[in-house]
Each structure stands twice: as C-alpha cells, then as structure tokens.
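Colleague: I am new to this structure and should like to understand how its strands are assigned to one another. May I put some questions to you about the reasoning?

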Amino acid sequence: MRSRNAATLPAPAACRAVRCAWSSTILAGALAMLLTGCSGTLSAPTAPMPARPAAQQPPIPQADRVDLSGLPEATTFGDLIGGVPDPEPQRDTDGVVLHIEQPVAVHDRPGGSAFAKLPATQLGNPTWVPVIARSGAWAQVLLPSRPNGTSGWIRVTAADPVRQARSPFRVEVDVEAKRLAVWRGAERLGEWTVGVGAAESPTPRGRTFVMAAVEEQVTRFSPIILPLGTHSETFNSYGGGPGTVALHGWPGDEVFGKAISDGCVRVPPDALQLLSTLPLGTVVLLR
C-alpha cells in the first residue's frame, strides 16, 4: 500500500543498472581502493545517476531547515561523532527502508541536535537505509559510517525529500557456522556455506544493510560486489579505502566453509545471483 510518503522499490533488473552507475571518474578511483582487501579492484561505468526533476522536489518549510554546510557526511568513508549506537544490533526490522532523495540532517534524537548529513548517494548508488525505530514524524535509521552500528534520526514528512518503501527480504549470516540464508518474510529462499573473516580479521557482528551494488570489471573475482554498511574492526583501510565489508563471490569453492577472508563474506555463485537482486537497504544480520 502506497502513501504520500511512499516510494516503490525498483525492480531488480532495472535497479541494477542504476546501482552500478557512477557520477565521476574521481568516484571510480575511490571505489578502486574500497575493496582491495577483498582481493579485487573496481571499475565504474560512465552512465550518470538519473536525477529527480527539481520541480518534483517537495519544499521544506524555512523554519524547519537545518544548515547542512558544516555537517560531516554519513558515508562509508566517514567517522561520525555524536551518533546513536544501535540499541538492538541482532534484531530484525519490519522491513521499512527510506530513500534519501536529497541530503538530509541526521539528529541524535527526534528533534535533537544534528550531527551529520545523509547524502542522496552511496558509492554512486541511491541511498536507501533501513528504519529500526519510529517516534512520530521521526525515523531512526542505520548509517553506513564508522563506528559500526551507528544510527541517527531523520525527519520523514511530506515536506522532506525522503520516501519510504518496504523490503520483504533479510539476509542472515551465522559467522561461526559459516552459513548464509536469504529470507522473504518467513520463507527461506536459500541457504549456503560461505567463507568468512579469518581469526585475525573477523567478520564484524551486528545489524547492517546492503548499501550498494558495484560491478567488478578488472580482476573479475566477483561479477557483483555488495558493500554493506559496516567495516572491518581489524583494518582501518583495505588498500587505501575505508575497510568496507561486503558480500561477494569467489572464483573457486575452496574458500567456502572456512574463516579465511579479511572480513568480507564470500558466497557461491547462486547465492550471489540472488543477493544481487535484493533491494538496497535490505537488512543483513551478522551473527
């Protein structure tokens, strides 16, 4: 059911082209460093992100505007001060995800102080974040920045450039058992043995989300890489990037069932095929 504030989640085939489009060669260079620790580099197509016509952007009342100019961006490249730790890092959500169409302020509580701004794109993909709590016109959302598990509150009204939808999916990773499952509600769509972080570089635990989908075009160790909104707690950087943990494939099956990576989750081809169709913002539970 749609409301004034709702957005329709893109169909998988259509959304992949959007999610793998970059806005500049500078961004592509940054992406090339992002997941080097996962044994690959990234190359970006040149198609620009489609922009929503300015005439369709809802006006924000002058009295409610926050000056975003001095606020740090909530991206995978950032470390935030003043964020709210995820209060229930192993709990599922109700599937509500928010599409950020223009940069918005992120607050430490409903109506409280703004400590960051959430941009409209993450790694060239449209920003979708999962809602973990509600309070009136405010939604608490997970953020893609360090420290892991950081969240914040954003306002969601008809006057804000934020639209909501619902993803029926969730991903669960049992790190100790080295198993990954994809669920649609109560229906398990598939379960696989996967590779996880080594003892000296463990896969981080907690509640996160599918932040982006990027196309690997250089080493081709994985046709699609799915960066998550969480980071290695061992490495500050993977090859110059921010140490973003991802779900991705692997060219051989010798890694599955082993604790062998720098923190990423390596999955078989059929698992990756399904994972790459999930909407951005889909919750991933790393347990």
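Modeller: Please do, and note that the model is predicted. Two strands pair if DSSP finds at least two bridges between them.

Colleague: What makes strand 11 and strand 12 a pair?

Modeller: Strand 11 and strand 12 (residues 187-193) are joined over 6 bridges in the antiparallel sense. The cut-off is at least two bridges, therefore they count as paired. Within this pair, Ala181 stands opposite Glu191 in strand 12. The hairpin of these strands has 2 residues between them, and Gly185 takes a positive phi near 65° there.

Colleague: How do you know that strand 10 and strand 11 pair, and in which sense do they run?

Modeller: Strand 10 (residues 169-174) and strand 11 (residues 179-184) run antiparallel and share 6 bridges, so the requirement of at least two is met. Phe169, for instance, has Arg184 in strand 11 as its bridge partner. In their hairpin, 4 residues lie between the strands, and Lys178 has a positive phi near 60°.

Colleague: What joins strand 16 to strand 17?

Modeller: There are 4 bridges between strand 16 (residues 224-231) and strand 17 (residues 244-248), and the two run antiparallel. Again at least two are needed, so this is a pair. His231 has Thr244 of strand 17 as its bridge partner.

Colleague: What is the order of the open sheet of 4 strands?

Modeller: The order is 15-16-17-19, with mixed pairing.

Colleague: Why do strand 15 and strand 19 stand at the edges?

Modeller: Strand 15 (214-215) and strand 19 (265-266) each have a single partner strand, so one side of each is left without a neighbour in the sheet.

Definitions and conventions: Residues are numbered from 1 along each chain as its sequence is written. This is a predicted model: local features need pLDDT of at least 70, side-chain atom pairs count only at pLDDT 80 or more; totals for chains, interfaces and linings use all residues. Side-chain values use heavy atoms; hydrogens and water are left out.
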